[in-house]
Amino acid sequence: MDAFVHGLVSLFDIHLLFLIFCATIGGVIIGALPGLNATTGAALLLPFTLTMEPVPAIATMTAIYCSATFAGAITAILINTPGTAASATTCLDGYPLAQQGQAGRALGMAVVASTFGGIFSVVCLMLAAPLLARAAYHFSPPEYFALTLFGLSMLASIGDGSAIKNLIAGVFGILIAMIGVDNLTTVERFTFGSYHLYEGIGFVPVMIGVFGISELLVQSEKLHLRREVIRMKSVELPGAKDYRDSWRAILRSSGIGTFIGILPAEGATVASMIGYNEAKRWSRNPKLFGKGAIEGVAGSEAANNAATGGAMVPTLALGIPGSATAAVILAGLMVHGLQPGPNMFTEQAGFAYAIFWSMMLVNLLFFFVGLRGAKIFARVTLIPVEVLWPVVFVFSIVGAYALDQSMFDVWVALVSGVIGYFMRRYGFSVVPLAIGLILGGMLEQRLGQSMVMLDEKWWLMFTRPLTLLFLVLTALALFGPAIWGRLVTRRAPLDSTGE
């Protein structure tokens, strides 16, 4: 209880409140700009948080996360182009409503559903994260190793590409994490005689490169596209009928989004798709979906914003990122010397609850910002991409250099950007690469600690129940879909012959 109150009291700092407000406004702008998203915004902000204290640094990154996820609905409704991938399903009913002259009504429902979903997930975060951390408090290095390995097994499903391509990208990220001097054996690996590589490749320049610069290169191929913007007078709060039609969808999607967010490797995009689908399944008027159903907007937006709080549960309690943006936030925690996991809720409980309360505040802030400012923020879609992306590039370079005032980091960001661009071009997601980079170092460290603890007898891991459980889950995550698919294929001919 002391940490709960201490976290709330820490928000009564005018400097912190100002930073959260600015980050919320910035997140809305980022989310409203097609091409930019919460992950890119958090990656660009990461190096600029290094001069801050841990609480303001992580609070501003989570503010970007929450507000940018909501703001994707602005462009989804007005120009049929989701500002973030998580708002893709909002286009299905939001844009038809806008074409019918009801853009303000659609945005009003998006604001209400997003706020409710976000607050619902933060409440669940406050309750679930400490309980999960308490359960994991008695973990030792073998359990942590198996848990991290389980997190890495989720790479197969976390990206947009095929499972094989996602695993290849993840392994590439792990290989990058192996660069440098091994802390246990002091052996140099992949340094090629360069002193710049002795301490390994940093998280920040790689994040900036694969999320920021690679997106710049991708967007450079879309300069010829022109979007039609639908005008609106103002954002309207939903009426009584809209609430009657949508409250079940909002509540259901909030639960779905929180649960999906908690699962490692899932995220707001998957949550919004499932939330939208379930809203349609249980609707009294499913035929309206795709033609301007207000329930579709509510279901999609409640789910994708609820996933933000859910994704922070495994991130803070276990050190396993629940989404791409959570992976960037996890990198921020590690850069600031914080170790996510059970100890955070015993040794740094005040910090954890300060982050919880800051996320709650952000969800309340973008309710008022969305109602009063959506019309203004919609105008950022008019910014020519020829102006926008060079500005993003400048911020990327400055951010990479600011970390250690090193031109080597700038080159790392540029090379990472080119690699990320070609990965995207050929169907590889960059998200598994980033998560592989983060978890790869943790996996190696925990394996080394386990070997020391077990006196090099690695087979003793299989005698530890929790370690064995995570190893079994890892095997199921990797091979279960293929085995199930083969069983279904074999059963299909039998069913067709009636045998």
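This report walks through a predicted model, looking at its main pocket, its salt bridges, one loop with its neighbouring helix, and its cysteines.

**The largest pocket**

A good place to start is the open space in the fold. Rolling a probe the size of a water molecule over the atoms shows where empty space is left. The largest pocket found in this way has a volume of about 1,300 Å³. Its lining is made up of 46 residues, and those nearest the centre are Asn183, Glu199, Phe203, Met334 and Gly441. If you want to find the pocket in your viewer, those five names are handy to select.

Which elements each supply at least two residues of the lining? They are helix H7 (141-153), strand S1 (180-181), helix H10 (203-219), helix H14 (324-335), helix H15 (344-347), helix H18 (407-425) and H19. Helix H19 gives the most, with eight residues.

**Salt bridges**

Side chains of opposite charge can pair when their charged atoms come close. In this model the count comes to five salt bridges, and the table sets out some of them, including one that involves helix H7.

| Acidic residue | Basic residue | Closest N and O atoms |
|---|---|---|
| Glutamate 143 | Arginine 464 | 2.9 Å |
| Aspartate 245 | Lysine 241 | 2.9 Å |
| Glutamate 278 | Arginine 281 | 3.1 Å |

Glutamate 143 and arginine 464 form a salt bridge, with their closest N and O atoms 2.9 Å apart. Glutamate 143 belongs to helix H7 and arginine 464 to the loop between H19 and H20, so this pair ties together parts that are 321 residues apart in sequence. Glutamate 143 is buried, with a relative accessibility of 6%, whereas arginine 464 is partly exposed at 22%.

The pair of aspartate 245 and lysine 241 sits within helix H11, where the two residues are four apart and therefore separated by about one helical turn. Aspartate 245 is partly exposed, at 30% relative accessibility, while lysine 241 counts as exposed at 53%.

Glutamate 278 and arginine 281 tell a similar story in helix H12 (residues 268-281): they are three residues apart, so about one helical turn separates them. Is glutamate 278 buried or exposed? Its relative accessible area is 17%, and because buried means under 20%, glutamate 278 falls in that class. Its partner, arginine 281, is exposed at 55%.

Helix H11 (residues 240-262) also holds arginine 248, which is partly exposed with a relative accessible area of 37%. Arginine 248 and glycine 299 are 51 residues apart in sequence, yet their C-alpha atoms are 8.9 Å apart in space.

**The loop between H19 and H20, and helix H20**

Now to the stretch that joins helix H19 (431-453) to helix H20 (465-497), where tryptophan 459 is found. Most residues other than glycine have a negative phi. Aspartate 455 has a positive one, near 55°, and glutamate 456 has a positive phi too, near 65°. Aspartate 455 is located in the loop between H19 and H20, and so is glutamate 456. Aspartate 455 is exposed, at 56% relative accessibility, and glutamate 456 is exposed at 53%.

Tryptophan 459 is partly exposed, with a relative accessible area of 46%. It is one of the residues in a nonpolar surface patch formed by Trp458, Trp459, Phe462, Leu466, Leu468, Leu469, Val472, Leu473 and Leu476. Together these residues have about 850 Å² of accessible area.

Alanine 477 lies in helix H20 and is partly exposed, at 23% relative accessible area. How far apart in space are the C-alpha atoms of alanine 477 and phenylalanine 150? The separation is 8.1 Å, although the two residues are 327 apart along the chain.

**Cysteines**

Last, a quick word on cysteine chemistry in the model. A search of the whole structure finds zero disulfides. Two cysteines can be described by their accessibility: cysteine 22 is partly exposed at 35%, whereas cysteine 66 is buried, with a relative accessible area of 1%.

Key
Residues numbered from 1 in each chain as written. Predicted model: local features only at pLDDT ≥ 70, side-chain atom pairs only at ≥ 80, totals over all residues. Heavy atoms only, no water. Patch = residues over 30% accessible without salt bridge, like charges linked within 9 Å, V, L, I, M, F, W, Y side chains within 5 Å. Areas by Shrake-Rupley, 256 points an atom, 1.4 Å probe, with all protein chains shown as cover. Salt bridge = Lys/Arg side-chain N within 4 Å of Asp/Glu carboxyl O. Buried < 20%, exposed > 50% of the residue type's maximum accessible area, 1.4 Å probe, protein only. Disulfide = S-S within 2.5 Å. 1 Å grid on protein atoms, 1.4 Å probe; cavity = no way out; pocket = protein on both sides within 12 Å on 5 of 7 lines; lining within 4 Å. Points joined across faces, edges and corners; volume = space filled by probe spheres on them.
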